Every structure is written in C-alpha cells, then in structure tokens.
Amino acid sequence: MRVAVVDYDAGNTLSVRRALARAGAEVELTPEPERVFAADAVVLPGVGAFGDCVGKLRERGLDEACREAYRSGKPFLGVCVGLQVLFDSSEESPGAEGLGLLSGRVVRFRGEGLRVPHMGWNTLRVLREHPVLEGLDGEAFYFVHSYHPEPAEPGDLLASALYGGEFCAAAGRENLFAVQFHPEKSSRAGLRLYESFLRWARGLF
C-alpha cells in the first residue's frame, strides 16, 4: 500500500514515516498535491501552531489536496496538529480557517493549576468502536499539546483521555480517522495503531 505523508515542514514527519514503514506501508513523503492524490492512503502529520500549519498547507495547495483525498474516499489519517487542522477553527489562531472536514473548533486546556502544554502518557478511552482502535481501549499513548478539538457532531468523537477533564483524543467519520496523540512516540501501542490503520485502509478498497 502506497501511503503519502503530507510534507509541509511539520516536525514529526520522519518519525511518522519510520513508524508507517515498520507497520508495512510503502511510504512517500511529498509536498506535491498530485502525489498526495495519487497515493492509496494519506497521512497528515503535524507539530506547531494551528495557523502556521494551515498556512503552509495552503501555500503548497495541499489543503485542497487533502480535501479531495477525503472526498474521493481515500483512507486518511491525521496525527496531533494533523487532527486539529481538520476542524473549522482554533482559539490558537483566530481568523485562521481549518480544512473543515470535521465540524467543530479547537480550544485551549483550561483549569486552575493545570499545566499547559499537556505532556506525557495518558490512557485512551474508546467511546465508539472503530477498526483502527480495536484492542486499544485502556492503552497508554504519548501526548504533547496545549489545545484539543471539540467536535460539533457527537458521532465524530471516537475516543477520549483525561487531563483536567475529558477531552477528544480521536475523531473521525467515514474514511477519515485522526488522533491527538503521537502513535509514533507511543511504543508498541502506537505501532499497533498504525498497523490497524493499514489493515482498515486496505479494507476500504
């Protein structure tokens, strides 16, 4: 399976590529919209600020490539800020429009005495059955983030974790699946998630 990792200078592209290759994918890191659309599946990584990420995607025409990949039914995986930019907007970057593939906004962690950013291992609570999450309920994953999405559609919320309250850790619909944590930094559980994504992706063809 040929997987395009969208290259817009996100900091976690190398580790995502390595994890996908280890899980059995033929991986191509590409900044070219045509190559993204030609792949069998698409992975959108992300590290950094919401506005910077969507700005770089637009500069390269990768925002529309991601939208078209989703609309065409290609298996699509978002990771960390790659989850956040799928939503409409973020408190982090007022005025910046996300890709709008999922309805809702991204908000900052709030709570007295709560350290932000949230960094560390948290247990995943699966809320809706999904092939990519099979066998991962109760597993620990590694998070590094100050913001988290609030899906407007309850059905888009797939899994949660706790930090000053319950927050969205995984979301998706149809051929789209995305996580707030870093599977590539989450040891065996993270590799299992990438392996499950590839199995699910093959089943969509």
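1. Starting with the β6/β10 pairing: in this predicted model, the two strands run antiparallel and are joined by 5 bridges. Arg108 has Tyr147 of β10 as its bridge partner. The sheet they belong to is an open one of 3 strands, ordered β5-β6-β10, with mixed pairing. β5 (89-90) and β10 sit at the edges with a single partner strand each, so one side of each has no neighbour in the sheet.

2. There's a side-chain link across those strands too. Glu150 and Arg105 form a salt bridge, 3.8 Å from N to O. Glu150 belongs to strand β10 (residues 147-151) and Arg105 to strand β6 (residues 104-108), so the pair ties together parts 45 residues apart in sequence. Do keep the cut-off in mind if you set up contacts here: a salt bridge needs the nitrogen within 4 Å of the carboxyl oxygen. As for solvent, Glu150 is partly exposed because its relative accessibility is 37%, and Arg105 is also partly exposed, at 40%.

3. Now the other sheet. It is open, has 8 strands and mixed pairing, and the order reads β2-β1-β3-β4-β13-β12-β11-β8. At its edges are β2 (26-30) and β8 (125-126), each paired on one side only. Inside that order, strand β12 (residues 166-173) and strand β13 (residues 176-179) run antiparallel, with 4 bridges between them. Arg173 is found opposite Leu176 of β13.

4. Which residues touch the most other members of the largest nonpolar core? Val6, Val43, Leu44, Leu86 and Phe177 do, out of 67 residues in that core. The element that gives the most to it is helix α6 (residues 187-203), with 7 residues. If you want one residue to look at, try Val6: leaving aside residues up to four places away in sequence, its contacts include Leu29, Val36, Val43, Leu44, Leu57, Leu62 and Cys66. Thr13, Thr30 and Pro45 are also among the residues that Val6 touches. As background, nonpolar side chains tend to be buried together in soluble globular proteins.

5. On to the charged patch around helix α4. Glu64 and Arg67 meet in a salt bridge at 3.2 Å, N to O. Both are in helix α4 (residues 62-71), 3 residues apart, which is about one turn of the helix. Glu64 also has a salt bridge with Arg71, where the closest N and O atoms are 3.0 Å apart.

6. Are the three residues of that patch buried or exposed? It's a full spread. Arg67 counts as buried because its relative accessibility is 13%, Glu64 is partly exposed at 34%, and Arg71 is exposed at 52%. With burial set at under 20% and exposure at over 50%, Arg71 clears the upper limit at 52%. Back in the β-sheet pair, Arg105 falls in the partly exposed class at 40%. In the helix patch, shared partners join the salt bridges of Arg58, Asp63, Glu64, Arg67, Glu68 and Arg71 into one network. Over the whole structure, the search finds 15 salt bridges.

7. Last, the rings. The whole-structure search gives 7 aromatic pairs. One aromatic cluster is made up of Phe109, Phe141, Phe143, Tyr163, Phe167 and Phe181. There's also a charge over a ring to look at: Lys74 lies over the face of Phe37, 5.2 Å from the ring centre.

Methods:
Residues are numbered from 1 along each chain as its sequence is written. This is a predicted model: local features need pLDDT of at least 70, side-chain atom pairs count only at pLDDT 80 or more; totals for chains, interfaces and linings use all residues. Side-chain values use heavy atoms; hydrogens and water are left out. Rings of Phe, Tyr and Trp (its six-membered ring) pair if their centres lie within 6.5 Å; planes under 30 degrees apart count as stacked, over 60 as edge-to-face and the rest as tilted. A charge sits over a ring if NZ of Lys or CZ of Arg is within 6 Å of the ring centre and within 35 degrees of the ring normal. A nonpolar core is a set of buried Ala, Val, Leu, Ile, Met, Phe, Trp, Tyr and Cys residues joined through side-chain atoms within 4.5 Å. Buried means under 20% relative accessible area, exposed over 50%, partly exposed in between (1.4 Å probe, protein chains only). Contact means heavy atoms within 4.5 Å. Two strands pair if DSSP finds at least two bridges between them.
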